[in-house]
Amino acid sequence: MQSNKTSMASNTEAVTARLRELILTGELPQGERVTESGLAALLEVSRTPVRLALATLEQEELVEGVPNRGFRVRRFTLEDIREIIEVRANLEGMAARLAAENGATREQEAVLSRCVDEVDEIIAEKVCEREVFRRFSDINIRFHTTIAKISGNATLQRLLERVTTLPFLIAPLVYVLPDEEAFGTIIEGQRDHIRLLEAIQQGQGARAEFLMREHALMPLSRAALLLQHTGAKSLPLRQAV
């Protein structure tokens, strides 16, 4: 029984990841109507994991329910993304300041240091492949989540979790930029992470807040470029951190 539950959870995660990727690459265009049966046929899976995946993607605001017609891929405008990024930047900045003021435990500091080391390894490998970018995304999420935990503010953590579940805010531009340029976002993000870690280790709250806000606002500089790149009124949903 436990094995069946584990298998179902794994299958659902795989289906969710695949559907998310189809949306982020534009293979499922913004505004497109999608159904459980149609997606199940597309992915060659049963409808159950698709149903669960759509529920997750609705929470992430990548799809929205259409009464009696299934779901529709949500449209995002430049202004939508700008508002979310700005809110997130302020929340992340506050988390970094509190983390520096509170101080990390030895275990928490080890997690942050390990994140930096793992990204250093990715950069040293100089491999521009989809799986590499996925690895960076996972590490990046772990780094930011750990800082939020160090802040010690439960309300702030809940708000950040809500904002940062949007995939286009937490992953590199692997689906819309050339691999070399996307790899450059990893290097740029790593520089910020190193400075943030130093500020937290040294208890520099104001500096940590400033660095994190600047870091979290990075996607704004690319949003207009993405709009121009795609030649569309709505943006591809994947952004860099």
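The expected span of a helix is 1.5 Å times one less than its number of residues. Helix α3 can be checked against that rule in this predicted model. It covers residues 47-59, 13 residues in total. From its first C-alpha to its last it reaches 19 Å, close to the 18 Å expected.

Which residues of α3 are buried? They are Pro49, Val50, Ala53, Leu54 and Leu57. Seen down the axis of α3, these buried residues fall within an arc of 135°, so they line one face of the helix. The general geometry explains such a pattern: an α-helix has 3.6 residues a turn, so residues three or four places apart point the same way. After α3 comes Glu61, with a positive phi near 65°.

Now step back to the whole chain. Its secondary structure comes to ten helices and three strands. From the N terminus on, the order is α-β-α-α-β-β-α-α-α-α-α-α-α. Of the 241 residues, 45% count as buried. The accessible surface comes to about 12,100 Å². Carbon and sulfur atoms hold 49% of that surface. Take the contacts between residues at least 6 apart in sequence: 74% of these join residues at least 24 apart.

Next, the interior. In soluble globular proteins, nonpolar side chains tend to be buried together. The largest nonpolar core here has 27 residues. Inside this core, the residues with the most contacts are Leu112, Ile122, Phe143, Ile147 and Ile186. Five elements give two or more residues to this core: α4 (78-102), α5 (106-125), α6 (130-151), α8 (179-201) and α9 (205-216).

Ile122 gives a local view. Leaving aside neighbours within four places in sequence, what is Ile122 in contact with? Its partners are Val132, Arg135, Phe136, Ile139, Phe183 and Ile186. Apart from the largest core lies another one, of 17 residues. Among its members are Val15, Leu57, Leu62 and Val63. Leu57 leads back to α3, where it is one of the buried residues.

Last, confidence. The chain averages a pLDDT of 82, and 80% of the residues score at least 70. Over residues 170-174 the pLDDT is below 50. Beyond near neighbours in sequence, that stretch has 28 contacts in the model. Residues 227-241 also stay under 50. For them the model has 60 contacts beyond four places in sequence. Where pLDDT is low, the predicted coordinates should not be read in detail.

Terms used
Residues numbered from 1 in each chain as written. Heavy atoms only, no water. pLDDT = per-residue confidence, 0-100. Contact = heavy atoms within 4.5 Å. Helix = DSSP H or I, 4+ residues; strand = E, 2+ residues; numbered from the N terminus. Buried < 20%, exposed > 50% of the residue type's maximum accessible area, 1.4 Å probe, protein only. Areas by Shrake-Rupley, 256 points an atom, 1.4 Å probe, with all protein chains shown as cover. Arc of directions from axis to C-beta. Core = buried A, V, L, I, M, F, W, Y, C linked by side-chain atoms within 4.5 Å.
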